[in-house]
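Reader: I am in my first year and would like a close look at a single part of this model, namely the sheets of one chain and what packs around them. Could you take me through that part slowly and explain each term as it comes up?

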Amino acid sequence: MLLEVRNVSRVFGAKTAVDRMSFTLDKPGFLGIIGRSGAGKSTFLRLVNRLTGASGGEIRFRGKNVLALRGAEMRAWQSQCAMIFQQFNLVPRMDVASNVLHGLLNRRSTLATMFSLWSDADIHRALEILDRLGIAEQAAKRAEALSGGQQQRVAIARALMQDPAIILADEPIASLDPMNAQIVMDSLRRIHDEDGRTVIANLHTLDTARRYCDRVIGMRDGRIVFDGRPDQLSAAVAREIYGANEHFSEAATSTSIDVLEPGDAELLPA
Amino acid sequence: MAYSIDEFHTDYTRHRARQLATFWTVAVLLLALTWATGQLAGFFRVTQLTLADGSRAEAWVLAAGLPRLGEYIEKTIPVLRVESIGADFAEWFWRWKTWARLLLETVLIGFLATFFGVTGGLLLSFTAARNLAPARWIFWATRRTLEIARTVPELVWALIFVFCFGVGPLAGVLAIAMHSTGALGKLYSEANENIDMRPVEGVKAAGGSWADQMRWGVLPQVIPNVISYTLLRFEINVRSSSIIGYVGAGGLGQELRTAISLQEYTNLSALFLIIFATVMVIDWASEKLRHRIIGLGKTA
């Protein structure tokens with residue numbers, strides 16, 4: 001068993017953000033979590049990465065409960081489940097290569113990380129990863145000078161530098177235009193296909209989930225209301241996830257990413 | 001119409017009246033407070049003085065004392081004649097060898113104290129920031145430490161350190177460093193509290209330790225502020241180190257003290273000019289440097 005989520009909850013004061021969530025993942029996959037804002041998608045990913053503490057339950061990765069880890073063991077787990085954020089969360093005033101090398105912070109000595117004493121091999125690997133994502137020529141630029149789509153690819157490069165078993169992507173395309181959204185989603189899919197890494201992505205829209213995921217979990221008010229293959233996402237299921245409002249679920253199901261035809265992405269650097 | 005012009009007029013008049021009432025209340029309170037504190041400080045005291053013909057008179061203390069300020073300044077003005085200007089200047093700055101050495105000492109005290117102050121203040125500024133402190137009690141403890149370090153005046157620290165380590169510049173360096181740590185730690189920690197937390201979260205999610213988060217998530221964001229505050233502090237510290245010798249902690253201050261207590265008035269004006277010129281030069285240079293750094297931060 002790769003990942004086992006059992007009765008996980010998170011309560012913020014009077015609000016239950018995640019309510020007894022349970023599901024299992026027996027082999028590496030591309031998992032999408034969909035739902036409205038506030039459904040608990042982000043909180044769940046932050047629980048897995050330990051950015052937020054859980055109020056109850058267990059998350060087992062290869063049998064080990066990661067919610068019980070502390071100190072150095074917890075940081076080692078964090079470096080195994082890389083996180084990608086909606087706002088990229090890069091260090092804006094630093095160059096792209098340094099940002100990518102931050103993926104090694106947990107793997108190198110404190111002395112090396114404090115004074116950024118990276119080995120040539122590390123730097124070489126960072127550049128290789130940037131090259132794989134098609135932005136190697138940006139390596140020396142400041143992160144803040146890049147476009148949103150490029151910054152998100154730097155964030156993916158940082159994640160890959162961690163050599164993670166799982167990549168958690170929290171709304172990775174919500175701040176991007178359709179073309180960049182497609183580049184980013186294609187990159188994530190390719191990383192899954194080629195490296196066999198598990199990707200768990202929070203997505204706003206059904207459509208993106210249908211296109212990229214092997215499996216989709218629908219959340220509403222902190223609970224799982226759907227768990228199945230993307231082709232099982234019917235209009236009725238969408239209403240269940242996004243609410244009864246007809247217009248709202250219509251809007252939620254059709255997305256900006258449709259603007260490009262399938263195959264257009266091959267013309268773009270990925 | 002739900003809201004007529006008349007209603008508006010009534011509302012507006014009432015609003016104006018409230019504003020005026022607030023203004024006058026505050027004005028009267030401030031005036032009363034100024035009067036009370038002035039009374040306490042002896043501002044309105046009447047004092048006795050002797051007139052030129054030997055008779056005694058009463059006058060307001062400021063009016064009676066102001067001429068004496070002129071008298072004091074007059075005494076510090078040296079005699080400078082056109083025909084012997086070189087010799088007169090030489091006489092005015094007759095101790096220039098000692099003063100030059102002490103001026104160098106003053107600047108060095110200021111520099112070293114700033115160095116220690118920056119190191120201490122920067123290290124403590126992370127745990128003294130509400131959003132970054134790893135635990136509530138650490139936050140509380142560092143905040144109090146910084147407060148104590150900057151509340152105790154430099155002269156008092158100097159007295160304590162002269163007692164511990166003897167007369168000389170070491171005591172001065174430590175005294176000013178102590179005060180700088182407190183003051184800079186406060187300023188730096190406020191800069192830390194205003195940062196964008198997303199990069200910090202990014203580093204944390206990648207498995208970075210608390211130190212990694214500070215080094216890469218926080219420091220790159222606050223470095224322009226840190227440099228700017230540091231340069232400003234250096235100016236202040238050079239000024240402070242020219243006084244600190246008053247209690248035997250090195251620098252020009254000891255000469256100031258001798259000049260004042262032995263009433264060597266022209267020495268006093270010479271020393272004042274030396275300090276003034278030094279501070280002016282540092283002020284000018286650090287402002288240039290600061291603008292360069294801030295300017296660079298914008299364009300790159």
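Author: What follows goes through the two sheets of chain A, then the side that touches the other chain, and last the nonpolar cores.

This is a predicted model, in which local features need pLDDT of at least 70 and side-chain atom pairs count only at pLDDT 80 or more, while totals for chains, interfaces and linings use all residues. Residues are numbered from 1 along each chain as its sequence is written, and chains are lettered from A and ligands numbered from 1 in the order in which they are written.

Chain A has ten helices and ten strands, where helices (H or I, at least four residues) and strands (E, at least two) are DSSP runs, numbered from the N terminus. The radius of gyration of chain A, taken over C-alpha atoms, is 18 Å; this is close to the 18 Å that the globule rule (2.2 Å times the number of residues to the power 0.38) gives for 270 residues, so the chain is as compact as a globular protein of that length.

One sheet of chain A is open and has six strands in the order β6-β7-β8-β3-β9-β10, with mixed pairing; two strands pair if DSSP finds at least two bridges between them. Strands β6 (81-84) and β10 (223-228) of chain A stand at the edges with a single partner strand each, so one side of each is left without a neighbour in the sheet. Neighbouring strands of this sheet are turned by 20° against each other on average, direction ignored; axes here are lines fitted to C-alpha atoms, for helices over the stretch in contact, and angles run from 0 to 180 degrees between N-to-C directions.

Strand β9 (residues 215-220) of chain A pairs with β10(A) in the antiparallel sense over five bridges, and within this pair A:G218 stands opposite A:F226 in β10(A). Helix α9 (residues 235-242) of chain A packs on the sheet, where it touches β3 (30-34), β9 and β10 of chain A, and its direction makes about 155° with that of β10(A); two residues are in contact if their C-beta atoms, placed from the backbone, lie within 7 Å. In the loop between β9 and β10 of chain A we find A:D221, whose phi is near 50°, a positive value in a residue other than glycine. Most residues other than glycine have a negative phi.

The other sheet to look at is an open one of four strands, in the order β2-β1-β4-β5 (chain A), with antiparallel pairing. Here β2 (15-25) and β5 of chain A stand at the edges with a single partner strand each, so one side of each has no neighbour in the sheet. Strand β1 (residues 3-12) of chain A is joined by five bridges to strand β4 (residues 56-61) of chain A, and A:L3 stands opposite A:F61 in β4(A). β4(A) also pairs over two bridges, again in the antiparallel sense, with strand β5 (residues 64-65) of chain A, where A:N65 is the bridge partner of A:R60. The hairpin of β4(A) and β5(A) has two residues between the strands, and A:R62 takes a positive phi near 45° in it. Helix α1(A) lies across β1, β2 and β4 of chain A and runs at about 65° to β2(A).

Turning to the other chain, 26 residues of chain A are in contact with 19 residues of chain B. The elements that give two or more residues to this side of chain A are α2 (71-80), β6 and α4 (110-114) of chain A, and α2(A) gives the most, with four residues. The buried residues of α2(A) are A:R75, A:W77, A:Q78 and A:S79; a residue is buried if 20 or more other C-beta atoms lie within 10 Å of its own, exposed if 12 or fewer, and partly exposed in between, with C-beta atoms placed from the backbone. These buried residues pack against α1 (41-49) and β6 of chain A together with α8 (198-205) of chain B.

Last come the cores, a nonpolar core being a set of buried Ala, Val, Leu, Ile, Met, Phe, Trp, Tyr and Cys residues joined through C-beta atoms within 7 Å. Of the 115 residues in the largest nonpolar core, A:I84, A:V100, A:L168 and B:A175 touch the most other members, and helix α7 (residues 169-193) of chain B gives the most to this core, with ten residues.
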